Number of protein chains: 6
Amino acid sequence: MTTSAASPEYQKYKHFVVSAPSAGVAHVEINRPKKLNAFARDVWLEFGRVFEQLSADADVRAVVLSGAGDKAFTAGLDVVDSSSMFAQEGVSRDVARRAKALRATIEEFQVCVGAMEKCEKPVICVLHGVAFGLAIDIATCADIRICAANTRFSVKEVDIGIAADVGTLARLPKVVGSTSWVKDVCMSAREFSAQEALSVGFVSAVHEDKGKAVEAGLAMAARLSEKSPVAVQGTKELLNYGRDHGTVDSLRYTTIWNSANVQSEDFQKALLSGLKRTKPTFEKL
Amino acid sequence: MTTSAASPEYQKYKHFVVSAPSAGVAHVEINRPKKLNAFARDVWLEFGRVFEQLSADADVRAVVLSGAGDKAFTAGLDVVDSSSMFAQEGVSRDVARRAKALRATIEEFQVCVGAMEKCEKPVICVLHGVAFGLAIDIATCADIRICAANTRFSVKEVDIGIAADVGTLARLPKVVGSTSWVKDVCMSAREFSAQEALSVGFVSAVHEDKGKAVEAGLAMAARLSEKSPVAVQGTKELLNYGRDHGTVDSLRYTTIWNSANVQSEDFQKALLSGLKRTKPTFEKL
Amino acid sequence: MTTSAASPEYQKYKHFVVSAPSAGVAHVEINRPKKLNAFARDVWLEFGRVFEQLSADADVRAVVLSGAGDKAFTAGLDVVDSSSMFAQEGVSRDVARRAKALRATIEEFQVCVGAMEKCEKPVICVLHGVAFGLAIDIATCADIRICAANTRFSVKEVDIGIAADVGTLARLPKVVGSTSWVKDVCMSAREFSAQEALSVGFVSAVHEDKGKAVEAGLAMAARLSEKSPVAVQGTKELLNYGRDHGTVDSLRYTTIWNSANVQSEDFQKALLSGLKRTKPTFEKL
Amino acid sequence: MTTSAASPEYQKYKHFVVSAPSAGVAHVEINRPKKLNAFARDVWLEFGRVFEQLSADADVRAVVLSGAGDKAFTAGLDVVDSSSMFAQEGVSRDVARRAKALRATIEEFQVCVGAMEKCEKPVICVLHGVAFGLAIDIATCADIRICAANTRFSVKEVDIGIAADVGTLARLPKVVGSTSWVKDVCMSAREFSAQEALSVGFVSAVHEDKGKAVEAGLAMAARLSEKSPVAVQGTKELLNYGRDHGTVDSLRYTTIWNSANVQSEDFQKALLSGLKRTKPTFEKL
Amino acid sequence: MTTSAASPEYQKYKHFVVSAPSAGVAHVEINRPKKLNAFARDVWLEFGRVFEQLSADADVRAVVLSGAGDKAFTAGLDVVDSSSMFAQEGVSRDVARRAKALRATIEEFQVCVGAMEKCEKPVICVLHGVAFGLAIDIATCADIRICAANTRFSVKEVDIGIAADVGTLARLPKVVGSTSWVKDVCMSAREFSAQEALSVGFVSAVHEDKGKAVEAGLAMAARLSEKSPVAVQGTKELLNYGRDHGTVDSLRYTTIWNSANVQSEDFQKALLSGLKRTKPTFEKL
Amino acid sequence: MTTSAASPEYQKYKHFVVSAPSAGVAHVEINRPKKLNAFARDVWLEFGRVFEQLSADADVRAVVLSGAGDKAFTAGLDVVDSSSMFAQEGVSRDVARRAKALRATIEEFQVCVGAMEKCEKPVICVLHGVAFGLAIDIATCADIRICAANTRFSVKEVDIGIAADVGTLARLPKVVGSTSWVKDVCMSAREFSAQEALSVGFVSAVHEDKGKAVEAGLAMAARLSEKSPVAVQGTKELLNYGRDHGTVDSLRYTTIWNSANVQSEDFQKALLSGLKRTKPTFEKL
């Protein structure tokens, strides 16, 4: 198994570095360190394309996302860029016409960030340094969140006068168990630490520094890459479905999903390996 | 900015004291300390009216709720009063006719308590002393829950022979992450401590005593009052929506909501203040 | 109050021992210790029948589930048995026809395991030793989960090449607050300890060893059995409903439910006992 | 059985005449014939109060709604009044602040008109003459719609530059089977006739003129008033629930509803009358 | 292809005659003509078993349901039998305990009647003569409804003092387009004719008499039996799902369903036959 | 107002002719008359792009869709092309891997056809001649359906061995009132005529021949183009939402939507024109 993430097709991005640290693993780095990895419009459009490509690439089985540089995962929206965009210069002054333009902008933004949630491979988000605003929107789209001890988190949107609209408010109540804490951090925009993030379950592990956290994320991704992709990707799909639907609907969907997937040779291979105590190899999916 | 909660319009309540400790903040105290702040029917009818008034009052930007006296937040239902009410004296003995009368009573009760959830301002519930039965129904309608170290919590309803019907069973599974714990305390009616409440995420902070807890609640409310009310109240609305809907629906609702609200001057003001490092002032909403 | 779980009607099961340790309490033990309590098809069919019987038996008011022997709660699916079953030998090779057969098998399995969730009495699941794969599916159907300190948990399905389809993926996101942790353990199939299970809220208590855990479970069941079954069973129903529906729907359902149940004499009895400080006795339900 | 709709309590309305043509029947007439029964804000506030009173009045078992005068059921919104209201004069020019004021206005309007849908008694809407805009919003809240042959219908809102927001667009797709027709009349604001309304199922009967239609409505109401109110009002509740929920949820809700209501004496009475071929009389509900 | 419905396994029913008029077709007749085919408890229990058997029997591809004798499809509930059952003689007088017993009875009844909806084969319901009460509940569970010209329909439940609870109120609003008509017939319990049933879309064809209607039903069933069962049964499943879910969910479910079923050889066979203009034969499913 | 549909940007399509018959109106013709306008993969990809462009083009206010040539609207899938595509040649033989490839194909197809439903302008579908299979999937995505008298309709998919998966089964139960008819035509794949389509409400008008039908469609589109696009497009959005959501959710969504859009100048303009009896002109949206 080689990893296509090392191939030239992934060299075309301006704001992201995509590398292939091990077989089946892709490492995506947000690469605007001088701007604290802030997102202007062309950054999020590219973010969406990166994850669409990774989702469709059968050679990729697990993805790690982190930020380039020492300072930040991302400081969030590039305020200068966004200010002019949301001001909708050139658009009619009529409220309904501006509302329509804003709907299109917000939806485009949601779709790009959501591409990471729709990516059919598991995505491990490694947070570190400044992780403000959009950082939380992005992190809630990941499957697994781990972080460096120095991470400074904030659902920053209230401090720029808006309710977060790229996903934090839609997803966070289902990502973390304590709504009292969720409302506290979302309404106050106060910073919270790696330790607090761990204790409420927002991240599932804290590592000493960025290096160690990225290392842990890559190791976790490598382990997931060795497992049956039919099983791992099915698990992602079904957990996402279960989060959003009642139990009756989720069980039925699971049944239909597995009625095809249990026919895969992966199931027979894995069962056999278990009995023979050998290590199975699974075809790409 | 003055706070109208200090105005005579809030002096009309018999069972609640509403004061204005700082600009934009309203402090509501349940005021039946001799009865451990228990709720008879006229208490909950008034509770609903208090929060409807606060919701509509643009001068109020954040609310703190606590109980008067040292002993209790509230001991729950006023059993003597309720016993006769639920006995539906004077109502036909026919099961269907009594069921209709009970539906009306329960719904009225739910609507009054739910007025706090519908209140468009953030509500911080400060629990202390005895917090039994209805105390939990009320607390689950708040946005943020903090408590004094001496708080004694209990989902008491099972011990009076009924399943809780004013909101605990509908909301608690979405308020706290561990359903094992939720079912334990709801089915056993056992007491749990402030520390246990914190560790499962039911409250997001424990303070030394009632005084410190109220102080902390008021300080938190004051901070929220200084922020853009367009952002804070929108955040409340969208988090409540996100709790109850799937991700696709929540994202769409967020888009429509913000297509109007991002046109507010608060957004431009807050962005500008961020760039200029000045402190913005926001109009009331 | 006697417990019918001691009666001959419960002696008919091959893979389960059902006993009556105290009034109103039934103790169900998975009884294939030599196979680490693994589930072949006839085991899960019987599992469904046991819980249907307990649900319908008015003399039973609370149920404890554990595994026989020292080694395992259950090691999960009986791989030898399942391998041939899911291979659907004798079924047409046509994908659609095999899919239909698989739908029937998976649904049968879900219905049998789900019988524990549908059981109208509270079920306390006491986990210990090996608790792999199906153990988690079963545990998520219980109301309360406690465990012995030596419990080794694993959502094992990915390691046999499939996404879990008997309920873990549908229910776990609503059972535990941290989705980061949920996805970690479901996608990696890694083991986690009793302590980790406690800290994320999957179990609500850890006891020193299996004996102490079972003892604690039985004591908890005994306490629930003394309470009004109208209140306890209604609480189970309404919490399960609340988990799967939005707040508006849940409140309405609660109203309709209680419009009949508040007419029960249990309510009057319990209220009166509260006022008189006597201990009430409740009729079976 | 007398009808309280004849009592002085119903004489207090300024814009509505409420009479009691027969036992158990209330006839509500919109009474602004000179204004073609158009709705200004105080009209719709009163409309809400009329139907809340009828819903709570156990002496009323069925309601007929029609318009006073020969010309119109209602021509819809009172444009002069509404123009200034929606212009939100006196409200801040800030888009978010105006949006909040508009939300409050629209919701108040929806709640008032929706009071007819929430009214627990069957409501027969008799349409005649001009039935524009709000007439359709109101009619979709009724249980049964019949009309005079001269009725001129129009979903008029598009012609005043807005999408209908008092209920037509939320309810009409579930009231009429053909969405092609629904979209045609809603987007074009074109008039349609009584005959067209009948052929698509918007009304279930057309009568020669207003007099005959009102007469038919009153006769239908009188027949419903003689039936068990437990059965009739339960049927209304369950059909409304069935319209808005999936089959699984609707069946469960029906079960819970009837678990109380089948215990009514009405069931025994009606069964017995059926067997004995006598005419039963039912207590008020 | 032979039809197992002709086999001895279908001769065991007391209240139903199951025959095999042509290959793949089963004809079920309700066989209590002297009681106007009324349903006592043992009748509906058997009804459930008949349709479970037909659903599981791969030799059956389409089912026709009609009543034995000239007089009635079914007159509904066997009132004498039901009166004692719903009176719950022998059950505690306590309202909550009776409510629990009633829930069990109603749910059992719903499950038995719903077995026809869950039956994976298309079911054509041929109505004729008296078709009262339960007849409508049953008919709404069928896929296609046709009738004889002499059919007398009535949603009779209101006349026995209850709201219909075996499915009519849950399903009828989704079966027929005009809710005005649905509420009219459900609340008034009035009779409606075959012609009226046709014009509102409750049935899709009216035939001259019972003989012709049954003949038409059998012919329709025979045609469906010759088509690919993968296609026909999938269509049933997906239409039922589409009725109860929003468009986004329905499209996703369709995708998952067909990702297995399009791999069937039926698709290739049917495509090829279309191109070659030959008549394909499909294996049983 | 000019119509950009006449501009060179719309000349780039290979399989579609897009013209601008009048101000604000776009006419889209499926242009493969020699193939009976059948859809191969590149046709549906282009179909999606056409409607995305029309949706984003503020100069277009209403769209008419018809087929080129005398014979067919469309005969459906291009069977030769699709056969090889669904056979997934070159894809692994493993069932799970083929299922994944099929999911991607089906979803791509659904998204392309669904682009017409998502198009924010009203779409009038003019059916004529052969309208088989995919013709119905496409038509259910339109807002208004009208047809020529010679139209031959068929939900053809069952005859090629599959359940329709591009939208017919998800949408048709909500488009037409009679589920008996819907199941009949979907399961039998039988042809139905223009007259039958009209009588069940699938189309809302039948015209003499294709020419007259297209003319009527264009006239209808022209009328819609003169109305406020804020009102017309909002009506489309809210009716689509109402079809898929319960009443409570739909009313709330309507409120939020209109809280921005009622602030538009279109509302004031239209109101004023109504009072002054002048004809308003609305800016593009």
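This report walks through the confidence, domains, helix packing and chain contacts of a predicted model.

## Confidence in the model

Let's begin with how far the prediction can be trusted. For the complex, the predictor reports an ipTM of 0.94 and a pTM of 0.94. Chain A has an average pLDDT of 93, and 96% of its residues score at least 70. As a friendly reminder for the remainder, coordinates should not be read in detail where pLDDT is low.

## Two domains in chain A

Chain A splits into domain 1, covering 4-226, and domain 2, covering 229-276. Taken over C-alpha atoms, the centres of domain 1 and domain 2 of chain A are 27 Å apart.

Where these domains of chain A meet, domain 1 contributes seven residues and domain 2 contributes five residues. The side of domain 1 of chain A that touches domain 2 of chain A holds five charged residues, two nonpolar ones and no polar ones.

## A helix pair in chain A

Inside chain A, helix H3 (residues 95-118) packs with helix H4 (residues 134-141), and their axes come within 7 Å. The axes cross at roughly 30 degrees, which makes H3(A) roughly parallel to H4(A), because angles under 35 degrees count that way.

Which residues of H3(A) meet H4(A)? They are Val113(A), Gly114(A), Met116(A) and Glu117(A), and their partners in H4(A) are Asp137(A), Ile138(A) and Cys141(A). By class, the residues of this contact of H3(A) with H4(A) are four nonpolar, one polar and two charged.

## Chains A and B: a three-fold relation

Turning chain B by 120 degrees, with a shift of 0.0 Å along the axis, lays it on chain A with an RMSD of 0.0 Å. The two copies are therefore related as by a three-fold rotation axis. In chain B, the C-alpha nearest that axis belongs to Gly177(B), at 2.1 Å from it. Chains A and B use different surfaces in their contact, with 7% of the contact residues of chain B recurring in chain A.

How many residues does each chain bring to this contact? Chain B gives 46 residues and chain A gives 39 residues. On the chain B side, two or more residues come from each of strand S7 (144-148), helix H5 (168-175), helix H8 (210-226), helix H9 (229-244), helix H10 (247-261) and helix H11 (265-276). H9(B) provides the largest share of that side, 10 residues. The side of chain B that touches chain A is made up of 19 nonpolar, 18 polar and nine charged residues.

## Chains A and F: a two-fold relation

Chain F tells another story. A rotation of 180 degrees, again with 0.0 Å of shift along its axis, superposes chain F on chain A with an RMSD of 0.0 Å. That is the relation of a two-fold axis. Here the same surface serves both copies, as 100% of the contact residues of chain F recur in chain A.

The contact between these chains joins 16 residues of chain F to 16 residues of chain A. Helix H3 (95-118), helix H10 (247-261) and helix H11 (265-276) of chain F each supply at least two residues to the chain F side. H3(F) gives the most, with five residues. By class, the side of chain F that touches chain A has six charged, six nonpolar and four polar residues.

Key: Residues are numbered from 1 along each chain as its sequence is written. Chains are lettered from A and ligands numbered from 1 in the order in which they are written. This is a predicted model: local features need pLDDT of at least 70, side-chain atom pairs count only at pLDDT 80 or more; totals for chains, interfaces and linings use all residues. Two residues are in contact if their C-beta atoms, placed from the backbone, lie within 7 Å. Helices (H or I, at least four residues) and strands (E, at least two) are DSSP runs, numbered from the N terminus. Ala, Val, Leu, Ile, Met, Phe, Trp, Tyr, Cys and Pro count as nonpolar, Asp, Glu, Lys and Arg as charged, and the others, Gly among them, as polar. Axes are lines fitted to C-alpha atoms, for helices over the stretch in contact, and angles run from 0 to 180 degrees between N-to-C directions. Angles under 35 degrees count as roughly parallel, over 145 as roughly antiparallel, 65 to 115 as roughly perpendicular and the rest as oblique. Copies are superposed by least squares on the C-alpha atoms of residues with pLDDT of at least 70 in both. Domain bounds come from an automatic or database domain assignment. pLDDT is the predictor's confidence in each residue, from 0 to 100.
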